[in-house]
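Work through the exercises below with the sequence and the coordinates open. Each task is followed by a solution in steps.

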Amino acid sequence: MPEHTVVHEAQNVVAREPPHHFFKSQPRPGHVKDAEQYMKMYKQSIEDPSGFFGPMAREHLHWDRPFTQVRAGSLQHGDSAWFLNGELNASYNCVDRHAFANPSKPALICEADDESENRVITFGELLRQVSEVAGVLKSWGVKKGDTVAVYLPMIAEAVVAMLAVARLGAIHSVIFAGFSAGSLKERVVDAGCKVVITCDEGRRGGKTVHTKKIVDEGLAGVDLVSKILVYQRTGSAGIPMKPGRDYWWHEESAKHGGYLPPTPVNSEDPLFLLYTSGSTGSPKGVVHTTAGYLLGAALTTKYVFDIHPEDVLFTAGDVGWITGHTYALYGPLALGTASIIFESTPAYPDYGRYWRIIERHKATHFYVAPTAMRLIKRVGEAEIAKYDTSSLRVLGSVGEPISPDLWEWYHEKVGNKNCVICDTMWQTESGSHLIAPLAGAVNTKPGSATVPFFGINACLIDPVSGEELKGNDVEGVLAVKDSWPSMARSVWNNHSRYIETYLKPYPGYYFTGDGAGRDHDGYYWIRGRVDDVVNVSGHRLSTAEIEAALVEHDGVSESAVVGITDELTGQAVIAFVSLKDGYLQDNASAGDVAHITPDNLRRELILQVRGEIGPFASPKSVVVVNDLPKTRSGKIMRRVLRKVASNEADQLGDMSTLANADCVPSIISAVETQFLAQKKK
């Protein structure tokens, strides 16, 4: 990766102080008052992790049996462990202790697809519901260490189900309710789930999702599952229920009392599995353990967002993904903070939905993916001004690096220049934030994830030599030099895959898989996946840099660049672009002949890259497509593009996390007509 990239990108970017009234808008001081306090705490967390995280764990978590040692093991051997010999229960930490202290305090603020169905669940009510469902599961024989699949839309009952499983010391495996029957089956079988929790139907964007039907299709012929608990979400008639296997949630929970004592588990006992797709093979079940994960969720929620118990956190993410696990459920509830659970979409019934939610509940924190903000910016910006969003103090960004221009728009239009923006870098495997600014304490830079969180000993490694890069104004592979509490411990039933994927590429380090730069102030800029780096004739090129050059063209909406094998140069750059709506037609009607054909446009884009970066970075081909394949968290799945461009469309592997899999056939067709056909000639 060329070192000049970071210098060029960051040389004119000045770190911004928080809005002058950030702390004046709240009746208490921030948890961390300034950068000096952050650096003092960060230094201790790295140099003396036991002395730092031991007291933090005692302060933020309730322990049934105190731990006797803070940490053990190493990244080198893949046996890291935290808070050894301690015992606790995640459900108790998120529900009971707050219900006992203040049972009438809101825990879940539920925004249904149909706004007339909105409701609020207090901590006292949540405790009763969790206990009832845990009673059902216990009566079915679910016990400590068992796995239970949760296939529910983003409704309160998904949270109840997860906490009920955890209450028994069992392991929940949440499967996103948008997954197909085949993907559901694959995950249920791999995790060995004997019980599945689902609903009759879901509602999203005014449309009905036939959830139970998908479950029935996925579990056809799967004898492993003995019981299915079905929540009556819509109450539609004709939902098939298999006698002896399928039971209604409301009927079964009514048989059990309003309090079931929680089962203490060991600190290192698994709390949940969450499946994430690999580039090849089946999805891998990432294993998160109880104490370390719960502490990481609580600490990052508290310190990154400067969350207080009286705040209201609106995380616009689904519990089918790690963002929903950590920042819609475990983080806020562990702190006793109200969490908004959002079932619908930002466009239903109109583009004012987000802002009505914020106004209605006086949300103080809003956490969302750049994908959603780009959509709002393009077609729904006018709706923002119709609502009172002055309660907001912190705006979070998650899922992908937020571009500087979108950062500025987010800051101005959504935050009204009154909010701190926290661009957060982390992963399913990290459990909680790796790199992010602490709201109000760490100055921010548009486009930069800024600084490592406590305990994250971040570094950059030269991908060629494998050596750690010292100093600033450098680029390399982002890695972590030591374990941290919330890191995943393994891959379910496949620890060797865990070692191979995360710990073996650079022995002694945790490999994030992302490229990054560290600028002159020591701030980190995330470049994207390392496998999205191409080597053309000895030149290592950041695909993000080429993509940035492409989107500067007036006609380009989005771009994605991949490298494929080339006999002459080692690798060749293939660029995929989607165009702004009506771009070719608009220019054609204006008589701009130079833009009316895709061939002319492709030539312009190649020249654009040559001009911005240099001839060595020129794409071998530019493929114009209608849409780019993205995961539901908004990340472009470049490995799909790479396979198609390599004429390996029959080897696409797992695509279950794609939000728009229907675009893949048109991409294959575009590659065949625009690139492979020319290659054969």
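**Exercise 1. Surroundings of helix α14**

Task: State which elements cover the buried residues of α14, list those residues, and describe the backbone just after the helix.

Solution.
Step 1. The cover over the buried residues of α14 includes the helices α12 (353–361) and α13 (370–380), together with the strands β18 (365–368), β19 (394–397) and β20 (420–423). The model is a predicted one.
Step 2. Helix α14 spans residues 404–414, and its buried residues are Leu406, Trp407, Trp409, Tyr410, His411 and Val414.
Step 3. Just after α14 comes Asn416 with a positive phi of about 55 degrees. This residue belongs to the loop between α14 and β20.

**Exercise 2. Positive phi outside glycine, and a cis peptide**

Task: For Asn416, decide whether the residue is buried or exposed. Do the same for Thr450, then locate the cis peptide bond that involves Pro349.

Solution.
Step 1. Asn416 is a residue other than glycine, and its phi near 55 degrees is positive. Its relative accessible area is 51%; exposed means over 50%, so Asn416 is exposed.
Step 2. Thr450, in the loop between β20 and β21 (458–461), also has a positive phi, near 75 degrees, without being glycine. Its relative accessibility is 0%; buried means under 20%, so Thr450 counts as buried.
Step 3. The cis peptide bond links Tyr348 to Pro349, with omega at about 0 degrees. Pro349 sits in the loop between β17 (338–342) and α12.

**Exercise 3. The buried face of α8 and its crossing with α7**

Task: Find how the buried residues of α8 are arranged about its axis, what they pack against, and how α7 crosses α8.

Solution.
Step 1. Helix α8 covers residues 211–218, of which Thr211, Lys212, Ile214, Val215 and Gly218 are buried. Viewed down the axis of α8, these buried residues fall within an arc of 160 degrees, so they line one face of the helix.
Step 2. The buried residues of α8 pack against α7 (181–191) and against the strands β8 (195–199), β9 (202–204), β10 (207–209), β11 (227–231) and β12 (246–248).
Step 3. The axes of α7 and α8 come within 8 Å and cross at roughly 60 degrees. That angle makes α7 oblique to α8. The crossing of α7 past α8 is right-handed.
Step 4. On the α7 side, Ala181, Leu184 and Lys185 meet Ile214, Val215, Glu217 and Gly218 of α8. By class, the residues of this contact between α7 and α8 are four nonpolar, one polar and two charged.

**Exercise 4. Two further helix pairs**

Task: Describe the packing of α16 with α18 and of α4 with α11, giving angle, axis distance, handedness and contact residues.

Solution.
Step 1. Two packed helices are described by the angle between their axes and the distance between the axes.
Step 2. Helix α16 (residues 543–551) packs on helix α18 (residues 598–612) at an angle of about 120 degrees, and their axes are 9 Å apart. This makes α16 oblique to α18. The pass of α16 over α18 is a right-handed crossing.
Step 3. Ile546, Ala549 and Leu550 of α16 make the contact with Leu605, Gln608, Val609 and Glu612 of α18. The contact of α16 with α18 divides into five nonpolar, one polar and one charged residues.
Step 4. Helix α4 (residues 90–101) packs with helix α11 (residues 322–334) at an angle of about 55 degrees, with the axes 9 Å apart. This makes α4 oblique to α11. The crossing of α4 and α11 is left-handed.
Step 5. From α4 the contact takes Ala90, Asn93, Cys94, Arg97 and His98; from α11 it takes Tyr330, Leu333 and Ala334. By class, the contact of α4 with α11 holds five nonpolar, two polar and one charged residues.

**Exercise 5. The environment of Ala670**

Task: Place Ala670 in its element, classify its exposure, and list what it touches.

Solution.
Step 1. Ala670 is part of helix α20 (residues 664–680).
Step 2. The relative accessible area of Ala670 is 8%; since buried means under 20%, Ala670 is buried.
Step 3. Leaving out residues up to four places away in sequence, Ala670 touches Val623, Val624, Val625 and Phe675.
Step 4. Asn626 lies 44 residues from Ala670 along the chain, and the C-alpha atoms of the two are separated by 9.2 Å.

How values were computed: Residues numbered from 1 in each chain as written. Predicted model: local features only at pLDDT ≥ 70, side-chain atom pairs only at ≥ 80, totals over all residues. Heavy atoms only, no water. Buried < 20%, exposed > 50% of the residue type's maximum accessible area, 1.4 Å probe, protein only. Helix = DSSP H or I, 4+ residues; strand = E, 2+ residues; numbered from the N terminus. Arc of directions from axis to C-beta. Contact = heavy atoms within 4.5 Å. Axes fitted to C-alpha atoms, helices over the stretch in contact; angles between N-to-C directions. Parallel < 35°, antiparallel > 145°, perpendicular 65-115°, else oblique. Left-handed = near helix turned anticlockwise from the far one by under 90°. Nonpolar A, V, L, I, M, F, W, Y, C, P; charged D, E, K, R; others polar.
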